Amino acid sequence: MTNIDDKTPGPRAPGQARDVPLDAHLHTDLSPDSRVPMELYAAQAFERGIPEIALTDHLDFMPGAPAYEYANYPRRERLIRDLQERWAGKVKIRFGVELTWETRYESAIREHLRTHRYDYVLGTVHAMSDGPYARNRIASFVEGKTLAEIVAPYFAEVADAIRSRLFDTIGHLDMCKRWLVPWYSAADYAAIPEAYEPLLVALVESGSALEVNSSGLRHPTGETYPGPWVVDRFRELGGQRVTVGSDSHLPHCFAFGLEEACEIVAAAGFDRLTLERAVDRGDLVLPERFRRKV
Ligand SMILES: [Zn+2]
Ligand SMILES: [Zn+2]
């Protein structure tokens, strides 16, 4: 585990961050794949000097998917509003959701967001059990294809999520890297910038933020979703808003890798993070230690 105050020179392994403005991607025991009580994130945020967190439990729309109608909305809302009250003045807690985008369920997704209010809506694409990246299908899908062809179905869904303009943020833009580790390393993706370009252009136009998801730093992937060069390119294309999230599903993953994620954001030329869509927040400015690296 890294101590960011460590003065020892040399490469630093990622660890749980301190003193960053935000962790905008967290799963609690209201997600089917996490058992972390929400109180534990609030306590860690307070202890680590992280003033704001967004609880973004999963919501799936494919019947039978793990988070299909998993967390009951009124119960989730009540638990998070209670938590907000208990931590008022110490940690700002946001009632978020990580909504699995699938173009085939667009109308159901729109209807859900029209009729349910959240503080923060994160849109992401996952490997669905009936899709090409499912564990039992991916090897035959990859065979005989180029990397650009392999990522195409994932990126097509991400493009539709962006164009929907339903989301504050698009999360883990290229999570497909994780499932393709047996065949491709993170560096291989830098050789197909043309696959990313339309997504970044659409994201700039949409007003949604780009998430730098640090979970890749603790996966065999070994880099964030997306990697630093993609964040640089987003900025060059006129991207205005970025955020960072650990995508934690375990107590020790809270804020994990966010020091590195903030460095990536700062190196791309951003001086602050964002949360709500199209809202300028003066209080999410990166601490001085990041800004010096720009
Ligand atoms: Zn996700
Ligand atoms: Zn997540």
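Me: How many Å should the 18 residues of helix α5 span, and how far apart are its end C-alpha atoms?
Reply: This is a predicted model, and helix α5 covers residues 147-164. Reckoned at 1.5 Å a residue, its 18 residues should span 26 Å. The end C-alpha atoms agree with that, being 26 Å apart.

Me: Where is the kink in α5 centred?
Reply: Look along α5 for a bend of about 40°. The residue at the centre of that kink is Pro153.

Me: Which elements help cover the buried residues of α5?
Reply: The buried residues of α5 include Ile150, Tyr154, Phe155 and Ile162, and Glu157 is one of them too. Their cover includes β4, α4 (138-142), β5 (169-170), α6 (176-179) and α8 (193-206).

Me: What phi does Arg165 take, just after α5?
Reply: Helix α5 takes in residues 147-164, and Arg165 comes just after α5. Its phi is positive, at about 55°.

Me: In which sense do β2 and β3 pair?
Reply: Strand β2 is residues 52-59 and strand β3 is residues 92-100, with eight bridges between them. One of the residues to look for is Leu55, whose bridge partner in β3 is Phe95. On the way from β2 to β3 the chain passes through helix α2 (residues 73-86), in a right-handed β-α-β crossover. The sense of the β2 and β3 pairing is parallel.

Me: Which helix does the chain go through from β3 to β4?
Reply: β3 and β4 (residues 120-124) run parallel and are joined by five bridges. Thr100 stands opposite Thr124 in β4. The crossover from β3 to β4 is a right-handed β-α-β one, and its helix, residues 106-115, is α3.

Me: Is Lys92 buried or partly exposed?
Reply: Lys92 lies in strand β3. Leaving out residues up to four places away in sequence, Lys92 touches Pro51 and Glu52. A buried residue needs 20 or more other C-beta atoms within 10 Å. Lys92 has 19, so it counts as partly exposed.

Me: How far apart in space are Lys92 and His116?
Reply: In sequence, Lys92 and His116 are 24 residues apart. Going C-alpha to C-alpha, the distance in space is 21 Å.

Me: Over which residues does pLDDT stay under 50?
Reply: The chain averages a pLDDT of 95, and 95% of the residues score at least 70. For the stretch under 50, the model has nine contacts beyond four places in sequence. That stretch is residues 1-7.

Methods
Residues are numbered from 1 along each chain as its sequence is written. Chains are lettered from A and ligands numbered from 1 in the order in which they are written. This is a predicted model: local features need pLDDT of at least 70, side-chain atom pairs count only at pLDDT 80 or more; totals for chains, interfaces and linings use all residues. pLDDT is the predictor's confidence in each residue, from 0 to 100. Two residues are in contact if their C-beta atoms, placed from the backbone, lie within 7 Å. Two strands pair if DSSP finds at least two bridges between them. Helices (H or I, at least four residues) and strands (E, at least two) are DSSP runs, numbered from the N terminus. A crossover is right-handed if, with the strands pointing away from the viewer, the path from the first strand over the helix to the second runs clockwise. A residue is buried if 20 or more other C-beta atoms lie within 10 Å of its own, exposed if 12 or fewer, and partly exposed in between; C-beta atoms are placed from the backbone. The expected span of a helix is 1.5 Å times one less than its number of residues. The bend at a residue is the angle between axes fitted to the seven residues ending there and the seven starting there.
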